[in-house]
Amino acid sequence: MMSTPIPASPHPLRHQLPGVYAQDTLAGVFADGLDTMQGPVLTTLDCLDAYFRPGLAPVDFLDWIGAWVGAELQDLISEPARREAVAMAVVMHRRRGTAQGLAAAVRLAFGVTPDITESGGAVWSARPRGRFPGDPLPSLRVVVRVPDPAAFDVRRLESLVAAARPAHMPFTVEVLSERSDNR
């Protein structure tokens, strides 16, 4: 079994002892013992900013950072996807409930960009009593095209869409083959 080496202190105390203690064996051994204890602490503090960067943080620290920023990591298995989810958490919160946010969430979770059709719209008019944009009934349709639809986790996609859609919007989810010409 291999163990991780204990980081040495960047500022050994033995070399900072006053002259009267520099030649004392007990003082040197005591200073070395303190260096052994404070070496990892000083090294961690010197590199502390790296712990809070999703691309550099240790894997075990990444989930903790993810909890701080509200990143949804429970369905993400690969380390690169988890790091991207933590890095994108603020942007994802800002876009939550929009087609862009939903597309980003699906892409992050499944690696596929979905086709999203929604009933809403927005227009501007100088005159009152103009026609309302979009369809009168709210709807959201998410289509994902993958190589093998039978192997795709549709329930996980439905759960993700239910969490990332606007709260009032009913939705449908379709998983089609990439070779399908039903566009």
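Leu48 sits in helix α3, which covers residues 48-51. The model is predicted. Leu48 counts as partly exposed because its relative accessibility is 34%, between the limits of 20% for buried and 50% for exposed.

**The nonpolar patch**

Leu48 also belongs to a nonpolar surface patch. The other members are Val41, Leu45, Phe52, Trp64, Trp68 and Val69. Together these residues make an area of about 670 Å². Which elements each supply at least two residues of the patch? They are α2, spanning 25-46, and α4, spanning 59-69. The largest share comes from α4, with 3 residues.

**Val59 and Pro136**

Helix α4 also holds Val59. Val59 has a relative accessibility of 45%, so this residue counts as partly exposed. Its C-alpha lies 7.6 Å from that of Glu79, and the two residues are 20 apart in sequence.

Pro136 has its place in a loop. This loop runs between β1 (115-118) and β2 (140-146). Is Pro136 buried or exposed? Pro136 is exposed, because its relative accessible area of 82% is over the 50% limit. From Pro136 to Leu48 the C-alpha separation is 53 Å. Along the chain, these two residues are 88 apart.

The table sets out the accessibility of the three residues discussed here.

| Residue | Relative accessible area | Class |
|---|---|---|
| Leu48 | 34% | partly exposed |
| Val59 | 45% | partly exposed |
| Pro136 | 82% | exposed |

**The largest pocket**

How much space lies in the largest pocket? The volume is about 430 Å³. Its lining has 25 residues. Nearest the centre are Glu72, Met92, Arg96, Ala105 and Leu160. Three elements give two or more residues to this lining: α6 (89-95), α7 (99-110) and α8 (154-164). Which of the elements gives the most? That is α7, with 6 residues.

By residue class, the lining of the largest pocket has 14 nonpolar, 6 polar and 5 charged members. Among the residues nearest the centre, Met92, Ala105 and Leu160 are of types that count as nonpolar. Glu72 and Arg96, also nearest the centre, are of types that count as charged.

Notes. Residues numbered from 1 in each chain as written. Predicted model: local features only at pLDDT ≥ 70, side-chain atom pairs only at ≥ 80, totals over all residues. Heavy atoms only, no water. 1 Å grid on protein atoms, 1.4 Å probe; cavity = no way out; pocket = protein on both sides within 12 Å on 5 of 7 lines; lining within 4 Å. Points joined across faces, edges and corners; volume = space filled by probe spheres on them. Helix = DSSP H or I, 4+ residues; strand = E, 2+ residues; numbered from the N terminus. Patch = residues over 30% accessible without salt bridge, like charges linked within 9 Å, V, L, I, M, F, W, Y side chains within 5 Å. Areas by Shrake-Rupley, 256 points an atom, 1.4 Å probe, with all protein chains shown as cover. Salt bridge = Lys/Arg side-chain N within 4 Å of Asp/Glu carboxyl O. Buried < 20%, exposed > 50% of the residue type's maximum accessible area, 1.4 Å probe, protein only.
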